Amino acid sequence: MKVTEPKIIQLQQEINRLHENMNAIKRAYYIQLQKVASLKKIEIRNKRALKVREANTSEVTGCQMSKKNPTQRSSWYSNKFFITLFKLLSLKMARRYLPHIYGPKPLSIRLLRKGCTNRPFYHIIAVETDDPCESEGVEQLGIFDPLQNEHNERLLAVNLDRFKHYVAEGAWIKSTVAMLLGQVGVLPQHSHSLTMAWRARQRKIEMENKANNSNTSETK
């Protein structure tokens with residue numbers, strides 16, 4: 001069966017009409033959706049307004065909220081803040097002046113920088129966590145020299161007995177000290193030191209590959 005050109009034109013016209021009808025139906029559907037969404041928004045606004053009115057008329061924990069500013073919080077919140085602050089300060093003072101009741105302050109083992117510019121060295125100290133960075137700490141446990149000597153060695157000296165004593169008391173070992181003692185063998189290897197070693201190996205391999213590629217290119 002052959003299809004002539006007039007029939008093709010008629011079919012195209014019918015298809016265009018169907019598309020127009022579908023577009024009109026879609027527009028009407030979207031308009032209805034917008035109306036429903038606007039109605040929902042109006043309902044939500046009305047509910048919020050009712051809640052604000054109820055909050056203005058009711059008492060919140062014994063303190064009535066102001067009607068001029070409904071979002072204003074009651075004085076109970078500010079009192080709660082000051083109460084928690086007072087508790088924290090009182091606990092801090094109690095730990096300092098009454099250690100036999102509240103227990104001693106938590107300790108940490110970290111490095112303390114000494115020396116001068118371009119020639120640093122570090123003390124390994126046990127210090128209270130609340131003390132500033134410049135404090136000498138409770139006790140010095142060792143010393144570390146980061147610069148290499150004539151034999152390409154970095155010196156580390158630690159009093160292991162006192163170190164174990166503070167660790168047994170629950171002192172927190174900082175990551176730098178843990179890395180140093182892990183390299184010596186006193187503690188297990190720290191994860192950060194392992195990642196640094198892996199990166200150094202990768203850089204070395206990349207440098208070797210670049211050198212080999214440059215040599216091959218020169219020979220060609």
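**Figure 1. Helix α5 and the glycine that follows.** Just after α5, G185 adopts a positive phi of about 115 degrees. The model shown is predicted. Helix α5 covers residues 175–184. Its buried residues include V177, A178 and M179. L180, L181 and G182 are buried in α5 as well. V184 also lies in helix α5. V184 is exposed, because its relative accessible area of 55% is over the 50% cut-off. Between V184 and L156 the C-alpha to C-alpha distance is 8.6 Å. In sequence, V184 and L156 are 28 residues apart.

**Figure 2. Overall fold of the predicted model.** The protein has six helices and seven strands. Along the sequence they follow the pattern α-β-β-α-α-β-β-β-β-α-β-α-α. The protein has 220 residues, and 15% of them count as buried.

**Figure 3. The aromatic pair Y122 and F144.** How many aromatic pairs does the structure hold? It holds one. Y122 and F144 form this pair, and their rings are stacked. The centres are 6.4 Å apart, and the planes make an angle of 25 degrees. That angle counts as stacked because it is under 30 degrees. The pair links distant parts of the chain. Y122 belongs to strand β4 (residues 119–128) and F144 to strand β5 (residues 139–144), 22 residues apart. Is F144 buried or exposed? F144 is buried, with a relative accessible area of 8%.

**Figure 4. The salt bridge between R119 and D145.** Two salt bridges are found in a search of the whole structure. In one of them, the side chains of R119 and D145 meet at 3.1 Å, N to O. This pair links distant parts of the chain, 26 residues apart. R119 sits in strand β4. D145 sits in the loop between β5 and β6 (156–158). R119 counts as partly exposed, at 37% relative accessibility. D145 counts as buried, because its 17% relative accessibility is under the 20% cut-off.

**Figure 5. The salt bridge between R162 and E139.** The closest N and O atoms of R162 and E139 are 3.0 Å apart. What does this pair tie together? R162 lies in helix α4 (residues 160–168) and E139 in strand β5, so the salt bridge ties together parts that are 23 residues apart in sequence. R162 is partly exposed, with a relative accessible area of 29%. E139 also counts as partly exposed, at 22% relative accessibility. Side chains of opposite charge can pair when their charged atoms come close.

**Figure 6. A positive patch on the surface.** Which residues form the positive surface patch? They are K41, R45, K47, R48 and K51. R45 lies in helix α1, which spans residues 5–57. R45 is exposed, with a relative accessible area of 57%.

**Figure 7. A nonpolar patch on the surface.** Y29, Y30 and L33 form this patch. Together they have about 340 Å² of accessible area. L33 is found in helix α1. At 41% relative accessibility, L33 counts as partly exposed. Its value is over 30%, so L33 passes the accessibility cut-off for a patch residue.

**Figure 8. Positive phi at N118 and N152.** Most residues other than glycine have a negative phi. N118 is not a glycine, yet its phi is positive, at about 65 degrees. Where is N118 placed? N118 is in the loop between β3 (107–116) and β4. N118 is exposed, with a relative accessible area of 75%. N152 is not a glycine either, and has a positive phi of about 60 degrees. N152 is found in the loop between β5 and β6. N152 is exposed, with a relative accessible area of 60%.

Terms used: Residues numbered from 1 in each chain as written. Predicted model: local features only at pLDDT ≥ 70, side-chain atom pairs only at ≥ 80, totals over all residues. Heavy atoms only, no water. Patch = residues over 30% accessible without salt bridge, like charges linked within 9 Å, V, L, I, M, F, W, Y side chains within 5 Å. Areas by Shrake-Rupley, 256 points an atom, 1.4 Å probe, with all protein chains shown as cover. Salt bridge = Lys/Arg side-chain N within 4 Å of Asp/Glu carboxyl O. Lys, Arg positive; Asp, Glu negative; His and termini not counted. Charge placed at Lys NZ, Arg CZ, Asp CG, Glu CD. Helix = DSSP H or I, 4+ residues; strand = E, 2+ residues; numbered from the N terminus. Buried < 20%, exposed > 50% of the residue type's maximum accessible area, 1.4 Å probe, protein only. Phe/Tyr/Trp six-rings, centres within 6.5 Å; stacked < 30°, edge-to-face > 60°.
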